[in-house]
Amino acid sequence: MLVDTHAHLHFHSFRNDREEVIKRTLDEGISFVMPGIQIDTSRAGVELAEKLNDSRIYASIGLHPIHVNKDRVDEDEVGPLEKFTTREESFNRGAYEELIVSPKVIAVGEIGLDYWRKPKTTARKKEFVRRQKDAFISQLDLALQYKKPLILHCRVAHDDMLDILKNHPIVTKLQPPGVVHSYTGDLEQLKKFLDMGFYIGVNGLVFKLPFVEDAVAQAPLERIVLETDAPYLLPPLPAVAPASQEPQSYVAKSFDDGARNGSAKEGQVKDTERNEPIFIKYTAQKIAEIKGLTFKEVEAQTTKNAQTLFGVEFKI
Ligand SMILES: [Zn+2]
């Protein structure tokens with residue numbers, strides 16, 4: 001059994017074959033968590049998890065930092081909705097509190113800081129960062145009140161995030177406090193997150209970015225959880241690449257089009273490049289290679305970690 005701690009199977013990207021994708025995920029012995037990124041996707045994840053009513057399927061709720069300020073539309077998340085293109089969401093605690101009481105909600109996230117697309121002018125940059133920090137801290141308060149671990153999203157903002165966490169009671173009052181999803185910080189920052197009790201989430205980026213591989217080598221296996229970040233971040237899949245395509249170019253394209261952490265072109269995860277939970281085994285295998293362990297050892301320990309982190313069994 002494997003646990004995909006980060007799979008957006010409730011996103012628009014899976015609208016045509018969601019049932020089949022979920023079926024083959026479960027058939028492969030993979031449990032999964034569906035993180036929301038604003039109120040609509042948070043609600044959709046909770047509703048789907050409630051409807052499926054399976055002890056291997058859960059949701060988390062949160063307002064992602066890229067949705068705190070005006071941003072681009074990502075059709076893979078919500079579909080081509082006109083009103084979404086200029087949306088900026090302020091954190092509405094009451095709306096998230098309605099969702100958090102569901103037994104299917106096992107975490108608050110993904111929440112955090114994302115400075116990748118900072119505005120150019122100083123005044124706008126300040127406001128952009130302030131809004132992200134305010135939303136982040138409000139959601140730390142929410143998570144603490146309801147005793148839910150965090151699913152953190154952090155992109156080129158690790159020091160600011162560490163500062164905020166250091167000064168927030170959640171880290172001492174809730175152990176483990178959560179997971180840094182898709183970890184992309186450096187080794188010094190890694191030590192600080194681990195010291196606070198956090199896990200790190202590892203996905204297909206480990207094939208692409210040497211510093212992610214370094215983090216995997218450095219972090220104890222007892223603090224690593226697996227994730228796909230589906231529909232994004234398809235790992236290299238030579239065996240299933242379409243015959244017409246060279247495996248190498250296939251791999252490169254998959255990262256460039258879907259990745260949040262690369263040179264992403266949003267709304268562009270094509271069907272052949274869409275990631276899904278069954279591909280998590282490649283990441284588990286890669287972690288085993290990096291750490292000189294067997295696949296079975298990585299499987300058993302990361303599943304145990306996910307159970308400890310979220311406080312659920314992920315069993316039928
Ligand atoms: Zn995500």
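Here are two short exercises on a predicted model, each with a worked solution.

Local features need pLDDT of at least 70 and side-chain atom pairs count only at pLDDT 80 or more, while totals for chains, interfaces and linings use all residues. Numbering starts from 1 along each chain as its sequence is written.

**Exercise 1.** Work out where the residues of the UniProt "binding site" annotation lie.

*Step 1.* The unreviewed UniProt entry lists His6, His8, Glu110 and Asp229; such annotations use the numbering here, have shortened feature names, and may be inferred rather than shown by experiment.

*Step 2.* They span 224 residues in sequence, but no two of their C-alpha atoms are more than 11.0 Å apart, so they gather at one spot.

*Step 3.* Now try burial. A residue is buried if 20 or more other C-beta atoms, placed from the backbone, lie within 10 Å of its own, exposed if 12 or fewer, and partly exposed in between. Glu110 has 30 such neighbours, so it's buried. His6 has 29, so it's buried too.

**Exercise 2.** Check the span of helix α11 (residues 280-291), then find where its buried residues point.

*Step 1.* Helices are DSSP runs (H or I, at least four residues), numbered from the N terminus.

*Step 2.* The expected span is 1.5 Å times one less than the number of residues. For the 12 residues of α11 that gives 16 Å, and the end C-alpha atoms are 17 Å apart, which agrees.

*Step 3.* Its buried residues are Ile280, Thr283, Ala284 and Ile287. Down the axis, they fall within an arc of 100° (taken from the directions from the helix axis to the C-beta atoms), so they line one face of the helix.

Note on methods:
Helix = DSSP H or I, 4+ residues; strand = E, 2+ residues; numbered from the N terminus.
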